[in-house]
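Here are my notebook entries from a session of looking things up in this structure. I went residue by residue and element by element, and wrote down what I found.

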Amino acid sequence: MKTRDSDKGLKRQIKLLHDNADLVERIFENRELFVASSETEMMSRIERLKRARIVRTEVQRGGRIVRLTTATQAFCRLNSQRARLERLSINIDEVFSSVDASLERWYDYDAAGRDNEAAEYRDLAEEALEDAEHWFAEKIERVQYEIKVEYGFDERAETHIKRFRSYVARIHELHDAARDFTGRLGGEEYRKVWFLYRMSNRMNVRFQRHAVSMTNLIGELNQYISQLRQRQELTRRSVIFLRWLQRQPQPLHFPLAEAAADELAPAYRFPAIPIAGFPDLNDPVVREQTAEIARDVVKRFKASRSLGRRVSRPASGARRDTAADMASAKRKQLAARAKRWNSKAWADDYIKQVARLALDGHAEGLSAMTYWRRRVASDSSDKQIGLDLPTARGWLNEIVNMALNNRVISDQDFFERFTMDLVRANDQDGAQGLHTPRVSDVVVQMRTAALQALRARATA
Amino acid sequence: MSTQTEVSGQYPELVETLLAGQAICRHSRPGLYRLLAQGDRVDRVDETSEQEEEAIDRRSDDRVAAEALLQSLGRRLAETDGVFYAVYERLDARASDAVRARFAEYTKQAPFIAEFFDILREAHRGGEALAPGDRFEFSRVNDAIMSSAELTERLIVTVSRVANFQNPNPEKVLRRAVEELLAEGYLVESSGNNQHYIVAGELALFDAFRDFVMSIEGVSLGDEAPAADGAGAPGATQASLLE
């Protein structure tokens, strides 16, 4: 009874193996197979194979990993050896039996001194072997041709990996078959035939060359597979991170990682230093200047607002001519505005002088404070038309502000044409003064490229 | 270390880029990258002093000069996965504040960067994550996104994190996202006319942040990654074929 049960089980196993040969072969070739839970039809096939102890499964996120049982693997190994040559579609035995038959006739005719017939059978033996060699050469060329197709990352990496693995397997099969072929050809019975001996030597050299090129090719394929695996790992990490991020409460907060942030090298990057480019208002070097400018803006805003309030809300309860007050306040405001120094004109003039100096060969730039001192001391047009003159700090703020906003000058951003050095009150060197935030002067210099463009324009 | 160096014409640009806190990689700034990547890195050589001296000597003059300048400012050159950038030399109170600020910035950017590059991954035919050096064409990605309602919606939601749109047109939204990534250094233009873009090394730095957060916060990666088969195989194969 027991024997009958086991026979029945075996029959069932063989039937299942036969029905699912393609799937089993696929698993055998790839060592394992991932089946997503959504592939219901495939899942039920796998279940049947599992019950027959042909495969075993392992639960994986979103599906199952399927592997062959040890017994099935051993069965497939035996089968694959036989199937290998069938897949290559050449029967080496037939080749050699044809060679043997031709050789027999050749021996007879050669011994009988019938040279013409002997030569005919010699040619036949040689042709059979040459045909076999050509077959190998064609197969090798075909594999090489297919592999030489440029693969990018434009298809699923897994597909590439499977394809490359099959190429590697095919190359190994070809190699094994070629080794069998040359091994048999080098056997004692053929070595003593002088023309086959010479032929065998020539073929060995050619097969050795094939082996070297195939080895190199396998090396390249394996490297490519390795790269694809790395890319798959990158994808896996990115996707897992994204899903994890999506589950985190907002705003995001990583308490453990934040506490250990000083172990993350890219976090040590510092905010931009606005020396010759890319200002960052939060940088400690300019933070105070920024704050000062902001304070000044707020002060002026408050002043103008309070002026408006006084007009609209008289302090005393006395009846006032509101319209007259408003007109008077407006006049005062306009007069104050009219008297204020023209910051834009000053900055433009300063920049023009920087450019002029650069054209005259003074590449070191122009100090903003030098410019301010000269202009204030001169009998400038500002005084003649009754304008206020800026304070040193006000002027400096204007220039720093211009740089901080990367103001457009002649259709180009400030930092595209100029560089700026900050000079601090107690450190004229500049570079060491990062910890002394009080800026006492700035030096604006024209960039070489901008100067060359200016020169070219002047020449034209 | 000798300070007598002969810097090239690219030195000012190199220093400006480093001081501006920007990353230098082979894809975004190949010229500057060559200046930095030339020669062995000091912190990678063996510990024997002779070899270290030899390694220093092999650095380009531009790199030697840039490192000297950075040192005078309390900064140094760092490298992560082939991406160079300048960092604080030591972790004093000010640097510590900046490190926290930078980390907070990465945290703030994380949803946009992770989500957008995932959208690009799905829109890009490969289905694999993008890495520095990968290229994509705006119109192709746009077509792929437009052909999928799910991707279009994801794109609009994602980009809304960094920009406001009253009537979101997917193409404009995608363009806005690309502009954002160009400004942040994650992408560089391959050709302005044809709108081809290259993923820059800045993404490798974000990946370092991502891996750091995942490892410290204990984000489960499921099973261990499959072994990089083939990595060691070429040698073995060679032996088997030539025996």
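**Entry 1: a residue in a helix of chain B**

Which residues does Val15(B) touch, not counting residues up to four places away in sequence? I looked it up and found Ala66(B) and Leu69(B). Before going further, I note that I am working on a predicted model.

I then placed Val15(B) itself: it sits in helix α1 of chain B. Is Val15(B) buried or exposed? I counted 21 C-beta neighbours inside 10 Å, so Val15(B) goes down as buried, the cut-off being 20 or more. I also checked a pair that lies 50 residues apart in sequence: Val15(B) and Ala65(B) have their C-alpha atoms 9.2 Å apart in space.

**Entry 2: the rest of that helix**

Next I took α1(B) as a whole, residues 11-19. Its buried residues are Tyr11(B), Leu14(B), Val15(B), Thr17(B), Leu18(B) and Leu19(B). What do these buried residues pack against? I found α2 (30-37), α4 (61-72) and β2 (83-88), which belong to chain B as well. After the helix comes Gly21(B), and I noted its positive phi, near 75°.

**Entry 3: a helix pair in chain B**

I wanted the geometry of two helices here, α5 (residues 93-123) and α6 (residues 138-146) of chain B. Their axes come within 9 Å and cross at roughly 90°. The pair α5(B) and α6(B) is therefore roughly perpendicular, an angle of 65 to 115 degrees being what that term covers. Who makes the contact? From α5(B) I listed Ile119(B), Leu120(B) and Ala123(B), and from α6(B) Val141(B), Ala144(B) and Ile145(B). Sorting the contact of α5(B) with α6(B) by class gave me six nonpolar residues, with no polar and no charged ones.

**Entry 4: a strand pair in chain B**

I moved on to the strands. For β5 (residues 196-199) of chain B, I asked which face is covered. Tyr197(B) and Val199(B) form the covered face, while His196(B) and Ile198(B) form the uncovered one. A reminder to myself: in a regular strand the side chains alternate between the two faces of the sheet.

β5(B) pairs with strand β3 (residues 135-137) of chain B in the antiparallel sense, over three bridges. Opposite Tyr197(B) of β5(B) I found Phe136(B).

To close my look at chain B, I wrote down some totals. The chain has ten helices and five strands. Of its 243 residues, 35% are buried. Among contacts in chain B with a separation of 6 or more, 52% join residues 24 or more positions apart.

**Entry 5: a sheet in chain A**

In what order do the strands of the open sheet in chain A run? I read β1-β3-β2, three strands with antiparallel pairing. β1 (33-36) and β2 (55-60) of chain A are at the edges with a single partner strand each, so each has one side without a neighbour in the sheet. From one strand to the next, the twist averages 30°.

I then followed β1(A) and β3(A), which pair in the antiparallel sense over four bridges. Within β3(A), Ile65(A) is the bridge partner of Phe34(A). Helix α2 (residues 21-30) of chain A packs on the sheet and touches β1, β2 and β3 of chain A, with its direction at about 85° to that of β3(A). Helix α3 (residues 40-51) of chain A lies across β1, β2 and β3 of chain A too, running at about 130° to β2(A).

**Entry 6: a glycine in that sheet**

Gly63(A) caught my eye in strand β3 (residues 63-68) of chain A. With 18 other C-beta atoms within 10 Å, Gly63(A) comes out as partly exposed. I found that Gly63(A) touches Phe34(A), Val35(A), Ala36(A) and Ser37(A), leaving out residues up to four places away in sequence. Glu39(A), 24 residues apart from Gly63(A) in sequence, is 8.7 Å apart from it in space, C-alpha to C-alpha.

**Entry 7: a helix pair in chain A**

My last lookup was α14 (residues 368-377) with α16 (residues 392-404), both of chain A. Their axes come within 10 Å and cross at roughly 135°. That makes α14(A) oblique to α16(A). I noted the crossing of α14(A) and α16(A) as right-handed. The contact is made by Ala368(A), Met369(A) and Trp372(A) of α14(A) with Ala392(A), Trp395(A), Leu396(A) and Ile399(A) of α16(A). By class, the contact of α14(A) with α16(A) has seven nonpolar, no polar and no charged residues.

Methods: Residues numbered from 1 in each chain as written. Chains lettered and ligands numbered in written order. Predicted model: local features only at pLDDT ≥ 70, side-chain atom pairs only at ≥ 80, totals over all residues. Buried ≥ 20, exposed ≤ 12 C-beta atoms within 10 Å, placed from the backbone. Contact = placed C-beta atoms within 7 Å. Axes fitted to C-alpha atoms, helices over the stretch in contact; angles between N-to-C directions. Parallel < 35°, antiparallel > 145°, perpendicular 65-115°, else oblique. Nonpolar A, V, L, I, M, F, W, Y, C, P; charged D, E, K, R; others polar. Left-handed = near helix turned anticlockwise from the far one by under 90°. Pairing = 2+ DSSP bridges.
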